[in-house]
Structure formats: structure tokens, C-alpha cells
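Please look over the chain below before reading on. The report covers a sheet, the helices against it and a patch on the surface.

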Amino acid sequence: MVDEGERLTEDEEQDMSAVHRRIVEDEVRGGLAAWDQTRHRHPQDIGLPVRDRLARVLSGRALRLAEAEVQEDLAGRTQGGRLVRPDFTGLLELALVEGSDRALDLLAVDEAQDLTPLEWALVDRWRRHAERFLVVGDPDQAIYGWAGAAGEQLVRWLRDGRPARRLSQSWRVPRACHRLARAVIADVQDRVDAPYAPADRDGSIESLVPEEAWLVAAQVQDAGGSVLVLSRTRAGAAAAVQELLDADVPHIAERGRAVLGTADQPSRLLSVCRALDALAGGRAPWATDARRLVQCLAARGGPGFARPGVKTHLGTLLTGRRDRIALDALADAGLAVGALGPAWDRGDAKWWRGAVIPSQVLPEELLIVRDWHLVHGSRLHDVAGRVRVTTCHGSKGREADLVVLDARARWGRRAQSPEDRDEDRRVLYVALTRARERLILVRGARDWLDQHGVMSIGAR
């Protein structure tokens, strides 16, 4: 086991430039993060030894620590000298080297600005066998450079004169937000402009203190509207969550990912939480929710089961056509119903980490929903329309009636390179274009706009 040095924090794992900086300068453990990024950025190195590949970004003691950590991880994925449990990046590499070359009628690639060099290489292989090839993307929303994305590839394609059709009309972004967003993105270096008209609504932009912003958020959700509270970092989002709790505003903290889905299409997490909530309250869970809970607990024989073979028994039980599954039926099949309820109420992260195996349902996210339920006392299947707190990166592809941009001091907090400033502008652009009606700037966002001379028309 490798036990030298400390580990990277959650926020630093999200910021890959921080990964490299801290691994090299502070000699902390971050080998798996560096390994993942190296593979994405340098697909031409597939087949080379781990040390040679990591040496592109690390050296000295940092390289030794990272190599040991990666080798330890690979040992757990190898059987008889063969890699039998590749991670996601490993699956991409296998697809690039050994994947199918069957003919395709159409290959369509969405969010192309977020593809890494490894993913571009895989797309390039597939497109050679496709009759038609369609790429969809927006270089102005290329905000994953820190994770190895090569958004510049899409810009090169546009400049090569490839046939392109541009969106000429936004159906989401109102005029006020459109003017501000366009002013922010205009100064990005080496940019290909793609002008478009705003939605036929004026919209509004305000600059408020946090207490006022949370009051507005509560009013909008009470009126049936949707709200996104966005922060530049997870740490900033956590601070906003604490203030929302203090203001007694119901919300869901997503930590950069959508944890609930929608009311009509609940996520796996929400289904599991609803089943646990029912069991803790002595009620029969919905059949779909019970099935998803069973799938999680049975994945590797989690501690929710009283005897071996329970997965088979429950599988038979849950195949019947029924809306709810009775508690005694679950208990008879072998599910330790009595152990699940107290664990849910207790919020024992260690217990859930052992019980809930699949990566789609993380124990930390289970506890986010549990805490929300305990604080606000509402039924879990009603939470999907509440205030959502996430990062600007987590808001990609989403929209809300009201967006509260609580940037704090992340933007412009230190001397930046031109590339860093461009990244900040693109992230801010994404956040500003999530609002359908109303945008509220809190703390750092307005400061950044003022410092960079961006005229926030409509903000008071």
C-alpha cells in the first residue's frame, strides 16, 4: 500500500491544473488523477509503460508516488496478467486499439468542445467508417480544459471551412442576459464568433447581497419557478448551501452533478432514497424504487442482506406486476429491512459506503438527500423542483427561471495567465446563459465584471 503524503481535496481533484501543481510542488498523492489526465491528453502513448506515460507531467518523488499508486490500482484490476476490470478511460483506450470498425450510416457527436484528445482519436477512427458524420458543439462553452478537453479541435474544424450550420436564435436567453454574456465572451483569444439573437424576452439582471438573493429564490420556488444557484467551485457551493440552510430555503445540493433527475424521470439515487425513506417509516416502497435499492445492495452482497442468495429471491419477487412491495415480502425474501431504516436515519457514511456499491449511487449523495429530508421534512419525491445548488460546470445543458450566480472570490483572485482568463470568461458565459428570465449576481461575479470593464446592462 502507498501511504506517503496527503491526498488532494475534492475541489483540487476537479481542477486538474491544481492536481499537477500540488503533486509536483507539495508531493501529495494524486497519481490516479494524473494518470487519467495523461491518458486522455496523450493517446499516442498507449502501450508504453506507466512510468513513461506519467513522466510527461510528473518527475522526481511525485513520479515515484504516482507510479506506485497507479500500479496498485492496476493490480486490483488485473487477473492472470490480463486487465479484466478497466476503468472508463481504459475502456476508451480498448475501443481505440481493438474496437469495431463496422460501417455506420451516421456518426453524431454532441458536446464536441468537451472531447479530450483520446476521445477525438476514437471519433476519428469511427468516422472513417461512417457514411455521414455530424459534430455538434459550441467553442464558447469549452470549459473542461483543466480536465484535458481539446476544445481547440472544434475551432480548427470551423476554420478549415467544413460545412457548418449555426444556431441563429436562442429560445432561452433573454435580451439582458444575452447582452452581458456576449460582452463577457467577446474578449476570448483566438475565438470564432457565432452571433445569435436572444429570446424574445427582456429578462433582468440584479446585483444583490446574499440575504436578498435567497429571499428571491424562496419566492420564485414558492411560485412554482425553477432556481439554479451556481458557484465557481464546490467549496463555494457548500458555503451557499449553509446560507440557504440558515435562511430556511428548501434546496438540493448537487455537488456538480444532477442527483435527482426529474419528477417524471427520477434518478437512480432518488429511487433508492425513496425506498429507504419508505423502509425507515415502516411503509411499503414503490416497486421501481425497491428494485433499484435491491440492485445496489445486491451488487456485491452489501450488509443489507440477511442470507446468501437473496438477490435471486428478490429478483423473482420484483418481477411481478405490482405497484408496491410489502415489507414482510421483502423481509421474507431476505432483505434486512430492520437494518436499513436505522442506517438511513443515522446517516452513517461508512455503513453506506460498504452497502451501496454501484458508482451511480454514491453514499455522500445519499446523505445529501437524507439531510435535506431531515431539515425540511418534505416527501422526497417532491424535491425535484426545488432550488438546485451546483457548480457552473454542473449547470452545462441546463436552465432555470432564476439563476443566482454566487461566485465569491474565485474569479480573479490571483494573477492569471491569458489562458486562465479565457477559461474564466467561458465558465462565466455558461453560467450567465442558464437564465430564462432573471439573473442575480452575488459577490464575486459583479466584482469580476467591474474589474474587467464589462458593462452589465440592466444590473443595478
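The sections below describe a predicted model.

## The sheet

Six strands make up an open sheet with parallel pairing. Their order is β5-β10-β9-β6-β8-β7. The edge positions belong to β5 (204-207) and β7 (251-253). Each of these has a single partner strand, so one side of each lacks a neighbour in the sheet. From one strand to the next, the twist averages 20°.

Within this sheet, strand β9 (residues 400-406) and strand β10 (residues 435-442) run parallel and are joined by six bridges. In this pair, aspartate 406 stands opposite valine 442 of β10.

## Helices on the sheet

Helix α9 (residues 175-185) packs on the sheet and touches β5 and β10. The direction of α9 makes about 65° with that of β5. Strand β5 is thus an edge strand that also has a helix in contact with it.

Helix α19 (residues 418-432) lies across three strands: β6 (227-231), β9 and β10. Relative to β9, helix α19 runs at about 145°. Strand β10 is touched by α9 and is also crossed by α19.

## A nonpolar surface patch

Phe88, Leu91 and Leu94 make a nonpolar patch of about 300 Å² on the surface. Leucine 91 is located in helix α6, which spans residues 88-98.

How exposed is leucine 91? Its relative accessibility is 45%, so leucine 91 counts as partly exposed. Exposed would require over 50%, and buried under 20%.

Notes
Residues numbered from 1 in each chain as written. Predicted model: local features only at pLDDT ≥ 70, side-chain atom pairs only at ≥ 80, totals over all residues. Heavy atoms only, no water. Patch = residues over 30% accessible without salt bridge, like charges linked within 9 Å, V, L, I, M, F, W, Y side chains within 5 Å. Areas by Shrake-Rupley, 256 points an atom, 1.4 Å probe, with all protein chains shown as cover. Salt bridge = Lys/Arg side-chain N within 4 Å of Asp/Glu carboxyl O. Helix = DSSP H or I, 4+ residues; strand = E, 2+ residues; numbered from the N terminus. Buried < 20%, exposed > 50% of the residue type's maximum accessible area, 1.4 Å probe, protein only. Pairing = 2+ DSSP bridges. Axes fitted to C-alpha atoms, helices over the stretch in contact; angles between N-to-C directions. Contact = heavy atoms within 4.5 Å.
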